[in-house]
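User: I am a first-year student, and I would like a close look at one part of this model, the strands at the start of one chain. Could you go through them carefully, and then set them beside the rest of the structure?

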Amino acid sequence: MQLSRYIIKRILLAVVSIFAIVTITFFLMNLMPGDPFMSEKATEESRQKLIEKYGLDQPIYIQYEKYLKNLAKGDMGTSYVLQKGREVRTIIFESFSVSMKLGIRALILAVIAGITLGCIAGLTKDRLPDGLVRIFSSIGISMPSYVVAAILMIVLAVSWNILPLNYNKPGGWIMPMLTLATYPTCYLTRLTRASILEVMNQDYLRTERAKGMSEFVVVFIHALKNSLIPVITYLGPLTASILTGGFVAESVFSVPGLGRYFVSSISGRDYTMIMGITIFYSTLIVLMNLICDILYKIVDPRISFE
Amino acid sequence: MENKQKEEILLEIKDLSISFFNKSGEVQAVRGISYTLNRGEVLGIVGESGSGKSVSSHGILRLTPSSGKVKSGEILFKGKDILKMSKQELMDLRGNRIAMIFQDPMTSLDPLFTVGYQLNEALKKHTDLTRKQREKRMIELLEMVGINQPERRIKQYPYEFSGGMRQRVMIAMALSCDPELLIADEPTTALDVTIQAQIIDLLKELKDKLGMAIIFITHDLGVVSDICDKIIVMYAGRIVEEGKSRQIFYERRHPYTEGLLASVPDIDSDVNEKLRPIRGNPPDMSCLKPGCAFAPRCESAMSVCVREEPPQIEIDDTHCAACWKLVRDALAGTKA
């Protein structure tokens, strides 16, 4: 009962925040100089015609009203520039399914590797494994993803020649996945390590030992569960950003995913695409955060939905 | 006769020393303490913060934090040295034959598991009871420690319990496998005064009912007065006085015990009367000077006190204290 009420409340709140995002993005976008057809090799006259055709000559509030009306019907319009004439919905759907396939793999890798490495480091504090993990995670967290991508390409594809550069060849997804997973893996490693270190000093672990529980139970049931709480908080935004695809990873490895449209839609002034991607991305974040909060409640009984 | 006495001894600690090692060097938390505890006996260990009372008793179950090390000594439980036990033997002992309750009930239970789950863990490990029997036992235990509606309460999480109730849960957990020895490490320090009294009464009642031996650690002499058979007073990692409860309260010989008792405010005293603290601070355990550790704070300190550590002087069979004053008095007695 309580859970369903909570979810309804959160969805209503989400609608409000998405509406705010739509509004702000819409007006900011129109403040940018230029228009979708500035790069067309057309005469000034035909450019004007295009602008009139898409209704871009009308006052901004009328355009906004129209957009909202269409959006309410689930119509996001068609792309002006990037894939001229195709429905924004279809483009997002198609490219997201590619990003998602890659993203889920990267996410699973990051979560498993991050938590495992974090545990190893936390449990061997100030000893060799901890040192190695900390060096690795510090490098990974401070290296921009285009550097990671470049290193992977040089080592795995060029020097050792074990993985293809082309995304469409078998195994082509491995390098973009590794690029996508590097930062979150390292971040999760550090987060888990810090969390484990804090939890290992807690009194309740001493109680467990005093009851005669084995170190295995103490560490992997009691300490681990407690230390995963901050990790879960980070999982929401992480999932959303990984699923929508890294711009760099997708550009470098020419993955036909959603990530590369992020920037190109803006530089191309593809208004409908900018709006479509923004709405899609914010919905995804809101949804992931909601799932995380529910997960949070399942793990930690002290959290209430009030 | 002698054989029978030997059988009665449950725990015997011989010359136990525990030190912590950090960047600034060695901190000698416990410096060679010895005592014995008989079956069913209640021993109080009193002393101020840092006197080594908690460290020495955590040492019994080898729960000393990883920075600490047992330097020497033996901890014989029913004749077997706990310090030489394998991990498996130790796990079978903990929570089963020797159980422990801790100072802060608010942080001593895992917040993410139900009280029932945490009670069940020890029962599952140490007994052969079936799931149904364990559930019955858990309800019995909670009833025994005075928790209402135990059937409902075992499904609840620690945050749904108050401090006093959590300490009751801790006690129920400790008693679940009928231990022969219960170590209570300042079980009432973190609780309200009224709740303190309730917990002490509960421990007393359970002791009479179940007959286990208890080591009761506290810095509050008032708390131990009516529950303990025997009291050990610790200062700077050593035992300064040991005796029957009555002897410590009425025939105390060590100046530190004297100061400790004098500093307990008396309800009958004049409201304008000032508290009588022991002057000065406990010594820095990382750089102990020779001589009696209490000498710098002692009102009757002599020159020998700062030079040499006082020996344990036996006053009678059950009462002894470590103080040069006693040596002087004894010598004066023989001269006269």
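Analyst: In chain B, strand β1 and strand β4, which covers residues 68-77, pair in the antiparallel sense over eight bridges. One pair of residues lets you find this on the screen, for B:S19 has B:K69 as its bridge partner in β4(B). Please keep in mind throughout that this is a predicted model.

β1(B) spans residues 9-22, and it also pairs with strand β2 of chain B, residues 25-38, again in the antiparallel sense, here over 11 bridges. A hairpin of two residues leads from β1(B) to β2(B), and within this pairing B:E12 has B:T36 in β2(B) as its bridge partner. When you follow such a strand by eye, it helps to know that in a regular strand the side chains alternate between the two faces of the sheet.

From the strands we can turn to the nonpolar interior. The largest nonpolar core has 123 residues, and B:I215 and B:V233 are the members that touch the most others. Helix α7 of chain A, residues 174-200, gives this core its largest share, which is nine residues. If you centre the view on B:I215 and leave aside residues up to four places away in sequence, you will find that B:I215 touches B:L37, B:L43, B:I45, B:S57, B:L181, B:I183 and B:A184. There is also a second, separate core of 14 residues, and A:V88, A:L258, A:Y271 and A:I277 are among them. As a general background, nonpolar side chains in soluble globular proteins tend to be buried together.

The two chains also touch each other, in a contact that takes 18 residues from chain A and 23 residues from chain B. On the side of chain B, α3 (87-93) and α4 (115-126) each supply at least two residues, and α4(B) gives the most, with four residues. Sorted by character, the residues on this side of chain B are 12 nonpolar, five polar and six charged.

Finally, chain A offers a helix pair to set beside the strands: helix α8, residues 203-210, packs against helix α9, residues 215-243, at an angle of about 145°, and their axes are 10 Å apart. The crossing of α8(A) and α9(A) is right-handed. From α8(A) come A:Y204, A:L205, A:E208 and A:R209, which meet A:V217, A:V218, A:H222 and A:A223 of α9(A), and the residues of this contact divide into five nonpolar, one polar and two charged.

Technical notes
Residues are numbered from 1 along each chain as its sequence is written. Chains are lettered from A and ligands numbered from 1 in the order in which they are written. This is a predicted model: local features need pLDDT of at least 70, side-chain atom pairs count only at pLDDT 80 or more; totals for chains, interfaces and linings use all residues. Two residues are in contact if their C-beta atoms, placed from the backbone, lie within 7 Å. Ala, Val, Leu, Ile, Met, Phe, Trp, Tyr, Cys and Pro count as nonpolar, Asp, Glu, Lys and Arg as charged, and the others, Gly among them, as polar. Two strands pair if DSSP finds at least two bridges between them. Axes are lines fitted to C-alpha atoms, for helices over the stretch in contact, and angles run from 0 to 180 degrees between N-to-C directions. A crossing is left-handed if the near helix is turned anticlockwise from the far one by less than a right angle, and right-handed if clockwise. A nonpolar core is a set of buried Ala, Val, Leu, Ile, Met, Phe, Trp, Tyr and Cys residues joined through C-beta atoms within 7 Å. A residue is buried if 20 or more other C-beta atoms lie within 10 Å of its own, exposed if 12 or fewer, and partly exposed in between; C-beta atoms are placed from the backbone.
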